[in-house]
Amino acid sequence: MPITTRVSLLRETPGAFETATVELDDPRQGELTVKLAATGLCHSDDHIAKGDLNAAHLPLVGGHEGAGVVTAVGPNTPGFEVGDHVVFSFLAACGVCEFCARGMSNLCMNGATIMSGGRPDEPGSYRMSENGTSVGQAMGISTFSEYTTASVNSAVKIDKDIPLEVAALLGCAVPTGWGAAVNSANIKPADVVIVMGIGGIGSAAVQGAKYAGARAVVAVDPVEFKREKAMEFGATHTFADIAEATEFVKSITNGQGADATIITVGVLQPEHVAQGMASIRKAGTVVVPGLGKSTNI
Ligand SMILES: [Zn+2]
Ligand SMILES: [Zn+2]
């Protein structure tokens with residue numbers, strides 16, 4: 001039986017999210033319906049609302065980092081049962097495509113369609129509607145919902161003793177930031193690292209850099225509160241702007257520069273990339289998780 005659910009809906013871009021009630025379909029094979037317990041608000045949601053990122057289908061329910069409890073399982077869908085706790089991944093991973101088979105599920109072929117608003121493996125097929133009009137789901141999961149129906153490829157089962165409001169952050173912010181430091185920048189013990197922008201993703205990058213053994217984790221943010229928080233997350237030094245941070249890093253690296261700079265600013269501009277490139281040593285690494293207007297970057 002399809003149900004109705006309250007959602008946070010974007011009708012136009014640039015635009016703003018508004019509360020609405022939509023119809024939610026039952027899960028089909030390979031799908032789950034989940035009652036969300038918690039969702040994060042990612043800057044990417046704001047990028048979509050402002051039109052920096054193109055939503056292929058409007059109206060669109062936002063949200064792509066959430067966790068909740070399974071309330072229905074599609075037919076012939078092994079591996080999940082009602083009552084399971086899950087965290088959603090903003091990137092569906094099919095487990096069988098070339099890139100999943102290579103161990104790079106972050107590059108799963110389903111990733112190409114996450115902005116479609118439809119099923120990751122079937123763009124144009126929707127599970128939400130409003131008065132007969134199909135409604136898109138951000139990244140196929142739309143966690144700004146009381147209930148959502150999503151592919152099992154977007155859901156990861158977790159232990160029930162993990163608080164769902166904590167698990168929700170593992171849907172995007174933590175793996176994006178942590179992974180930028182530990183995997184993409186491949187930080188090694190004794191490295192010197194700059195993190196530009198200490199939001200949800202930047203603070204996770206700081207933690208990843210500390211975990212990987214960096215000897216200096218230099219956090220850059222104009223907001224004092226964020227610089228204070230960065231120190232709690234593992235930063236060793238903080239600066240309000242990248243020029244000061246670069247000067248400091250050169251002073252502790254024999255003039256060479258950072259081993260890696262991770263750019264996690266709110267709205268990426270071309271000059272941020274130039275600043276990042278100017279801050280690293282020869283053969284250093286710049287990682288750019290930050291997003292900006294697609295026509296500007
Ligand atoms: Zn996100
Ligand atoms: Zn895949």
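**Entry 1. The parallel sheet**

I looked up Val218 and found that it stands opposite His237 in β13. The strands concerned are β12 (residues 216–220) and β13, which pair in the parallel sense over three bridges. I note here that the model is a predicted one.

I then followed the sheet outward from this pair. It is an open sheet of five strands in the order β13-β12-β11-β14-β15, and the pairing is parallel. Its edge strands are β13 (237–239) and β15 (280–287), each of which pairs on one side only. On average, neighbouring strands of this sheet are turned by 20° against each other, direction ignored.

In edge strand β15 I noted Ala283. This residue is not a glycine, yet its phi is positive, at about 60°. I recorded Ala283 as exposed because its relative accessibility is 71%, where the cut-off for exposed is over 50%.

I also checked Ala190, which is placed in the loop between α4 and β11 (192–196). Its phi is near 80°, again a positive value in a residue other than glycine. With 45% relative accessibility, Ala190 counts as partly exposed.

**Entry 2. The antiparallel sheet**

I next traced an open sheet of five strands with antiparallel pairing, in the order β9-β3-β5-β6-β10. The edges are β9 (147–151) and β10 (155–158); each has a single partner strand, so one side of each is left without a neighbour in the sheet. I found that neighbouring strands here are turned by 45° against each other on average, direction ignored.

For β9 I looked up the partner strand. Strand β3 (residues 31–39) pairs with β9 in the antiparallel sense over five bridges. Within this pairing, Lys35 has Tyr147 of β9 as its bridge partner.

**Entry 3. Strands around β8**

I examined β8 (133–137) from both of its recorded pairings. Strand β4 (residues 60–61) runs parallel to β8 and is joined to it by two bridges; the bridge partner of Val61 in β8 is Gln137. Strand β7 (residues 128–130) runs antiparallel to β8, with three bridges between them, and Met128 has Val135 of β8 as its bridge partner.

I noted that β7 and β8 form a hairpin with two residues between them. In the turn, Asn131 has a positive phi of about 50°.

Continuing along the chain, I came to Ser145 in the loop between β8 and β9. Ser145 counts as buried because its relative accessibility is 8%. A polar atom of the Ser145 side chain lies 2.6 Å from the backbone oxygen of Ser142.

**Entry 4. The zinc ion of ligand 1**

Which residues coordinate the zinc ion (ligand 1)? I found Cys42 (SG), His64 (NE2) and Cys172 (SG), at 2.0 to 2.2 Å. Along the chain these donors follow the spacing C-x21-H-x107-C. The pair of His64 and Cys172 links distant parts of the chain, 108 residues apart. His64 is in the loop between β4 and β5 (66–73), whereas Cys172 is in the loop between α3 (164–167) and α4 (173–184).

I checked the burial of these donors in turn. His64 and Cys172 are both buried. The relative accessible area of Cys172 is 4%, and Cys42, at 9% relative accessibility, also counts as buried.

**Entry 5. The zinc ion of ligand 2**

I turned to the zinc ion (ligand 2), whose protein donors are Cys94 (SG), Cys97 (SG), Cys100 (SG) and Cys108 (SG). They lie 2.3 to 2.4 Å from the ion, and their spacing along the chain is C-x2-C-x2-C-x7-C.

Why is the arrangement around this zinc ion (ligand 2) tetrahedral? The four donor atoms subtend angles of 104 to 118°, and the tetrahedral class requires all angles to lie between 85 and 135 degrees. For reference, I noted that the ideal angle for four tetrahedral donors is 109.5 degrees.

Among the donors, Cys97 and Cys100 are both buried. I also looked for disulfides, taking cysteine sulfur atoms within 2.5 Å as the criterion, and the count came to zero.

**Entry 6. Cis peptide bonds**

Lastly, I looked up two cis peptide bonds. The bond from Thr13 to Pro14 is cis, with omega near -10°; Pro14 is found in the loop between β1 (3–10) and β2 (17–24). The bond from Leu58 to Pro59 is also cis, with omega near -5°, and Pro59 is placed in the loop between α1 (43–50) and β4.

Technical notes:
Residues are numbered from 1 along each chain as its sequence is written. Chains are lettered from A and ligands numbered from 1 in the order in which they are written. This is a predicted model: local features need pLDDT of at least 70, side-chain atom pairs count only at pLDDT 80 or more; totals for chains, interfaces and linings use all residues. Side-chain values use heavy atoms; hydrogens and water are left out. Two strands pair if DSSP finds at least two bridges between them. Helices (H or I, at least four residues) and strands (E, at least two) are DSSP runs, numbered from the N terminus. Axes are lines fitted to C-alpha atoms, for helices over the stretch in contact, and angles run from 0 to 180 degrees between N-to-C directions. Donors are N, O and S atoms within 2.8 Å of the metal (3.2 Å for Na, K and Ca); water is not among the atoms, so sites may look incomplete. Four donors count as tetrahedral if all angles lie between 85 and 135 degrees; four count as square planar and six as octahedral if opposite donors are over 155 degrees apart and all others between 65 and 115; anything else is irregular. Buried means under 20% relative accessible area, exposed over 50%, partly exposed in between (1.4 Å probe, protein chains only). A polar contact is a pair of N or O atoms within 3.5 Å; within protein, one must be able to donate a hydrogen and the other to accept it, and residues adjacent in sequence count only if both atoms are side-chain atoms.
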